[in-house]
Amino acid sequence: MAAALSLGVVRGAAGQERGAQSFAAGQAELAAGDAWSAREQFERAVREGYPAGPGYKALAEAYLHLDNRLFYAREAIERALEADPGDVASWYLLADVNLRLDGGDADGRAREAFHQVFRIDPFYRDAFERWGSLYLDPSDQRAVAEIFGAELESDYDPELALRRIDVLYDGGFIDEAQVAIKLIRPDLDASFVSERFVAEARLA
């Protein structure tokens with residue numbers, strides 16, 4: 001990938017101060033609409049010791065303002081996540097970039113990024129809706145249902161339980177969806193599962 005993303009880091013307080021100055025300059029350049037100069041400033045910031053998480057994330061944002069730089073943006077986001085794997089916004093951005101890339105392995109990488117979003121925050125922005133817009137893949141539905149199931153075991157949320165039912169139903173796991181509905185509404189005869197049924201359960 002680009003040499004710009006293999007950035008050596010200048011250590012020490014002086015380097016970190018220069019990095020902070022370069023980062024601020026990059027933000028100003030980006031706000032002014034000069035994404036190319038912002039990119040140079042963010043690269044310099046990381047090289048001079050600015051924290052890699054926000055530094056590479058800002059670099060990715062600069063690339064996203066330039067034409068034909070989606071692969072560079074993805075590389076930068078991945079570097080940011082190496083430094084801060086718990087940053088849900090970066091995982092969401094990574095999914096977004098892969099959706100925009102399309103083709104090749106981008107679909108699978110988008111799904112994997114959405115999985116990480118769901119592990120951190122199942123209700124983050126419109127991640128669930130955007131994930132749901134991908135073509136139906138039962139193995140992917142299964143993976144997301146398991147992520148939601150693990151979250152429900154540690155912190156039960158009725159809305160997430162209903163969302164898991166939607167996922168199971170869409171993936172064709174009807175029996176499991178029926179069991180999940182009975183856990184939420186034991187008074188109902190879950191002889192079938194449908195989006196309308198789930199919507200009615202949500203309103204009840």
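# Exercises on a predicted helical model

Arg111 and Asp107 form a salt bridge in which the closest N and O atoms are 2.7 Å apart. The exercises below concern this predicted model.

## Exercise 1. The salt bridges of Arg111

Task: determine how Arg111 is placed relative to Asp107 and Asp140, and state whether Arg111 is buried or exposed.

Solution.

Step 1. Arg111 and Asp107 both belong to helix α6, which spans residues 106-120. Because the two are 4 residues apart in that helix, about one helical turn separates them.

Step 2. Arg111 also forms a salt bridge with Asp140, with 2.6 Å between the closest N and O atoms. This pair links distant parts of the chain, since Asp140 lies in helix α8 (residues 138-154), 29 residues from Arg111 in helix α6.

Step 3. The relative accessible area of Arg111 is 5%. Buried means under 20%, so Arg111 is buried. Asp140 is buried as well.

## Exercise 2. A pair between helices α8 and α10

Task: establish which helices are tied together by the salt bridge of Glu176 with Arg142, and classify the accessibility of each partner.

Solution.

Step 1. The closest N and O atoms of Glu176 and Arg142 are 2.5 Å apart, and the two residues form a salt bridge.

Step 2. Glu176 is located in helix α10 (residues 174-184) and Arg142 in helix α8, so the salt bridge ties together parts that are 34 residues apart in sequence.

Step 3. Glu176 has a relative accessible area of 31% and is partly exposed. Arg142, with 24%, is likewise partly exposed.

Step 4. Elsewhere, Arg39, Glu40 and Glu43 are joined into one network by salt bridges that share partners. A search of the whole structure gives 12 salt bridges.

## Exercise 3. Chain architecture and nonpolar core

Task: describe the secondary structure of the chain, then identify which residues have the most contacts inside the largest nonpolar core.

Solution.

Step 1. The chain contains 11 helices and 0 strands.

Step 2. Of its 204 residues, 45% count as buried. Among contacts between residues at least 6 apart in sequence, 55% join residues at least 24 apart. The accessible surface is about 10,500 Å², and carbon and sulfur atoms account for 50% of it.

Step 3. The largest nonpolar core has 52 residues, and those with the most contacts inside it are Val117, Phe118, Trp131 and Phe148. Helix α5 (residues 88-101) contributes the largest share of this core, 8 residues. In soluble globular proteins, nonpolar side chains tend to be buried together.

Step 4. Leaving aside neighbours within four places in sequence, Phe148 is in contact with Phe118, Pro122, Phe128, Leu160, Arg163, Arg164 and Val167.

## Exercise 4. Helix α9 and its ends

Task: compare the span of helix α9 with the expected value, and state which residue caps its N-terminal end.

Solution.

Step 1. Helix α9 covers residues 158-170 and has 13 residues. From its first C-alpha to its last it reaches 19 Å, close to the 18 Å expected at 1.5 Å a residue.

Step 2. The N-terminal end of α9 is capped by Asp157, which has a side-chain oxygen 2.8 Å from the backbone nitrogen of Glu159.

Step 3. After α9 comes Gly172, with a positive phi near 90 degrees.

Step 4. The buried residues of α9 include Leu160, Arg163 and Val167. These residues are also among the contacts of Phe148.

Note on methods
Residues numbered from 1 in each chain as written. Predicted model: local features only at pLDDT ≥ 70, side-chain atom pairs only at ≥ 80, totals over all residues. Heavy atoms only, no water. Salt bridge = Lys/Arg side-chain N within 4 Å of Asp/Glu carboxyl O. Buried < 20%, exposed > 50% of the residue type's maximum accessible area, 1.4 Å probe, protein only. Contact = heavy atoms within 4.5 Å. Areas by Shrake-Rupley, 256 points an atom, 1.4 Å probe, with all protein chains shown as cover. Core = buried A, V, L, I, M, F, W, Y, C linked by side-chain atoms within 4.5 Å. Expected span 1.5 Å × (residues − 1). Polar contact = N/O pair within 3.5 Å; in protein donor to acceptor, adjacent residues only side chain to side chain.
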